[in-house]
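Please open your viewer, keep the selection tool at hand, and follow the stops below in the order in which they are given.

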Amino acid sequence: MKFATLKNNTRDGQLVLVSRDLSKAVTVSDVASTMQALIDNWVELSAKLESRYEQLNAGQLTEAIEFVEADCESPLPRAYQWADGSAYVNHVELVRKARNAEMPETFWTDPLMYQGGSDSFIGPRDDIEMASTEWGIDFESEIAVITDDVPMGVSPEDAQNHIKLLMLVNDVSLRNLIPGELAKGFGFFQSKPSSAFSPVAVTPDELGQAWDGKKLALPLVTHLNDELFGRPNAGVDMTFDFPTIVAHAAKTRPLGAGCIVGSGTISNYDRSAGSSCLAEKRMLEIIADGKPSTPFMQFGDTVRIEMFDANGDTIFGTIDQKVVEYKK
């Protein structure tokens, strides 16, 4: 099944069921009015929607409306938990190499993860409002999963069963603020503003053979100012799969239903696939030329993030955002 949240002047929006081709949607308020309500009681409530989803795809629901991605919030406009990992360790290795820093061997066996702000996600077509371009505005194209209730100490094998939905992410980063924050030894805060997620969140069965229960083996396509920036395959060079990073997040605490866990920037060793963030491209330029030539995002720049199935059809809809100056 595919789900979205429409803007309706409330904090949590209106949950809708979306057709497989993303052309139609139908409200499901009789079952769940919000995404959080659905995920809170996933087993019972999702089962009630399966036949309605098939009717929607068959064009049998007269109450169906046109699905407009620009009307969407992020699937969870706010969440109890947003934990972003760094599953593609070759990306971390590259960043450290560019500044001649050794990478600890433990990075290959113990996932990196930070706890992001989850109270104010922005919509997939909303502007990225920033007060200054001197902060080093960057996009990060990623995949995320939404879980139901995950018990503390869950094994990776059992964690796989708690993954209920997948979606795409633009994890906005302010690169020039990161060094100062990390130097304090307390991690990211100001350097990680509000993230945006794809218009649609999908159940794993919608992904067919591309999803093996652990990884999503399709290219994640990013355009910067309408020019192809990268299309690395998310199923390649993923050091830590999704069940592993979910289990990592739950090592010392349970995860509440609606927890979002991100993959970190998608990155392949095959650099011909391009990159999923400006920082990686800049690091490659530093290694090759001694200095970066690609600037960070400026006011008016746009980023588009999407993923297509084997037939070339969009799966999650499109994150399409413009950087604009924040006005108080």
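**First stop: a sheet of five strands**

In this model, which is predicted, begin by selecting the open sheet of five strands, whose order is β7-β18-β17-β14-β15 and whose pairing is mixed. At its edges you will find β7 (128–130) and β15 (227–230), each of which has a single partner strand, so one side of each is left without a neighbour in the sheet. As you look from one strand to the next, the twist averages 25°.

Now select β14 (residues 220–224) together with β15, which pair in the antiparallel sense over three bridges. Which residue in β15 is the bridge partner of H223? If you colour L228, you have found that partner.

**Second stop: a loop residue**

Next, select T294, which lies in the loop between α7 (278–289) and β17 (302–307), the latter being a strand of the sheet you have just visited. Is T294 buried or exposed? Its relative accessibility is 12%, and because buried means under 20%, T294 counts as buried. Leaving aside residues up to four places away in sequence, T294 touches L278, K281, R282 and E285. With E285 there is also a polar contact of 2.5 Å, which joins the side chains of the two residues.

**Third stop: an enclosed helix**

Move on to helix α6 (residues 242–249), where six of the eight residues are buried, so the helix is largely enclosed by the rest of the structure. To see them, select F242, P243, I245, V246, A247 and A249, which are the buried residues of α6. If you then show what surrounds them, you will find that these buried residues pack against β6 (113–115), β9 (141–147), α4 (156–159), β10 (163–170) and β16 (260–262).

**Fourth stop: a helix residue and a long distance**

Select S51, which is found in helix α2 (residues 42–57) and which, at 49% relative accessibility, counts as partly exposed. Add D110 to the selection and draw a line between the two C-alpha atoms: S51 and D110 are 59 residues apart in sequence, and they are 42 Å apart in space.

**Last stop: two cysteines**

Finally, select C259, which is buried with a relative accessible area of 0%, and then C277, which at 0% relative accessibility also counts as buried. How many disulfides does a search of the whole structure find? The search finds zero.

Terms used
Residues are numbered from 1 along each chain as its sequence is written. This is a predicted model: local features need pLDDT of at least 70, side-chain atom pairs count only at pLDDT 80 or more; totals for chains, interfaces and linings use all residues. Side-chain values use heavy atoms; hydrogens and water are left out. Helices (H or I, at least four residues) and strands (E, at least two) are DSSP runs, numbered from the N terminus. Buried means under 20% relative accessible area, exposed over 50%, partly exposed in between (1.4 Å probe, protein chains only). A polar contact is a pair of N or O atoms within 3.5 Å; within protein, one must be able to donate a hydrogen and the other to accept it, and residues adjacent in sequence count only if both atoms are side-chain atoms. Contact means heavy atoms within 4.5 Å. A disulfide is a pair of cysteine sulfur atoms within 2.5 Å. Two strands pair if DSSP finds at least two bridges between them. Axes are lines fitted to C-alpha atoms, for helices over the stretch in contact, and angles run from 0 to 180 degrees between N-to-C directions.
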